[in-house]
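Please open the model in your viewer and keep the sequence panel beside it, so that each selection can be made by residue number.

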Amino acid sequence: SKRDRFAQRELYTRYAARVNALCRRYMSDTADAEDLTLEVMAKVLNSIGRYEYKGAGSLKAWICKLAANMAVDKLRRLRFLRLDEVEGRITAQSDIDLPNVSMDALRLMIDKIPDTQRVILNMFCLEGYSHKEIAEILGITEKASSSLLSKAKKMLETKIVDYIKTRND
């Protein structure tokens with residue numbers, strides 16, 4: 001009906017940009033992120049009947065969780081996740097400091113992190129998943145998730161330090 005089409009258009013208008021930003025964090029290729037955004041929004045529109053209202057912000061959370069899960073599934077399908085290589089290699093912990101680094105520069109740095117590590121960095125730091133949840137979704141151990149996050153943070157920290165050095169030279 002006309003009312004349903006209006007509601008679908010409104011839902012798309014409100015959430016497509018947010019979904020695209022989320023997909024962009026997972027996919028290193030912009031075209032892949034665009035494709036995934038369309039897939040996610042189509043699934044949202046087709047699955048909206050299964051959504052259960054749980055308070056303010058629950059629709060956004062539902063859509064973002066669906067998008068994150070679909071991103072991981074797409075990466076798996078694209079064979080980017082080499083899950084047999086992920087058992088605990090790095091134990092050092094380091095915190096990332098972001099002094100005067102533009103979001104565009106940071107996004108480019110994150111894009112250069114190996115795919116599995118980038119996914120875990122996104123899921124843990126940006127989406128708020130626990131290592132237990134990440135382990136279940138990716139089919140790895142919690143220790144592997146923690147280890148890969150540490151490795152991703154260290155790699156990102158090195159990229160940030162190099163970036164700052166080149167800007168100060």
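The tour below moves from the whole chain to single helices and residues, and ends at a pocket.

**The whole chain**

Begin with a cartoon view, bearing in mind that this is a predicted model. The protein has seven helices and zero strands, and from the N terminus on its elements run α-α-α-α-α-α-α. If you colour by accessibility, buried residues make up 39% of the 169 residues. With the surface switched on, the protein exposes about 10300 Å², of which carbon and sulfur atoms supply 51%. Among the contacts with a separation of 6 or more, 73% join residues that are 24 or more positions apart, and several of the stops below give individual examples of pairs distant in sequence.

**Helix 1 and residue V19**

Select helix 1, residues 2-26, and within this helix pick out V19. Is V19 buried or exposed? At 1% relative accessibility, V19 counts as buried, because the cut-off for that class is under 20%. Show the neighbours of V19, leaving out residues up to four places away in sequence, and you will find T37, V40, M41, I63 and A67 touching V19. For a distance label, join the C-alpha atoms of V19 and L36, which are 17 residues apart along the chain and separated by 9.0 Å.

**Helix 3 and residue V72**

Next select residues 58-77, which form helix 3, and centre the view on V72. V72 is buried, with a relative accessible area of 0%. A C-alpha to C-alpha label from V72 to C23 reads 9.8 Å, although the two residues are 49 places apart along the chain.

**Helix 4: I110 and D111**

Move on to helix 4, residues 103-111, where I110 has its place and where D111 also lies. I110 counts as buried at 15% relative accessibility, and D111 likewise counts as buried, at 14%. Which residues does I110 contact once its neighbours within four places in sequence are left aside? They are R118, L121 and L156. D111, with residues up to four places away not counted, touches R24, M27, S28 and R118. R118 therefore appears in the contact lists of both I110 and D111, with contact taken as heavy atoms within 4.5 Å. Before leaving this helix, label the C-alpha pair I110 and R25, which lie 85 residues apart in sequence and 8.1 Å apart in space.

**Helix 5**

Now select residues 115-126, which make up helix 5. At 1.5 Å a residue, its 12 residues should span 16 Å, and the end C-alpha atoms are 15 Å apart, which agrees. Helix 5 is mostly covered, with nine of its 12 residues buried. Those buried residues are D115, T116, Q117, R118, V119, I120, L121, N122 and M123, a list that includes R118 and L121, both met above as contacts of I110. Beyond the helix, stop at G128, which follows helix 5 and has a positive phi, near 80°.

**Helix 7**

Select residues 142-168 to bring up helix 7, whose 27 residues reach 39 Å from the first C-alpha to the last, close to the 39 Å expected at 1.5 Å a residue. Colour its buried residues, which are A144, S145, S147, L148, L149, S150, A152, K153, L156 and I160. L156 is one of the contacts of I110 in helix 4. An α-helix has 3.6 residues a turn, so residues three or four places apart point the same way.

**The second largest pocket**

For the last stop, select A7, Q8, E10, L11, R14, Y15, L45, I48 and L59, which line the second largest pocket. The volume of this pocket is about 180 Å³. Which element supplies the largest share of the lining? Helix 1 does, with six residues. By residue type, the lining of the second largest pocket divides into six nonpolar, one polar and two charged residues.

How values were computed:
Residues are numbered from 1 along each chain as its sequence is written. This is a predicted model: local features need pLDDT of at least 70, side-chain atom pairs count only at pLDDT 80 or more; totals for chains, interfaces and linings use all residues. Side-chain values use heavy atoms; hydrogens and water are left out. On a 1 Å grid over the protein atoms alone, a cavity is a set of points where a 1.4 Å probe fits but cannot get out, and a pocket is an open set with protein on both sides within 12 Å along at least five of seven lines; lining residues have an atom within 4 Å of a point. Grid points are joined across faces, edges and corners, and a volume is the space filled by probe spheres set on the points. Helices (H or I, at least four residues) and strands (E, at least two) are DSSP runs, numbered from the N terminus. Ala, Val, Leu, Ile, Met, Phe, Trp, Tyr, Cys and Pro count as nonpolar, Asp, Glu, Lys and Arg as charged, and the others, Gly among them, as polar. Buried means under 20% relative accessible area, exposed over 50%, partly exposed in between (1.4 Å probe, protein chains only). Accessible areas come from the Shrake-Rupley method with a 1.4 Å probe; for residues, only the protein chains shown count as cover. The expected span of a helix is 1.5 Å times one less than its number of residues.
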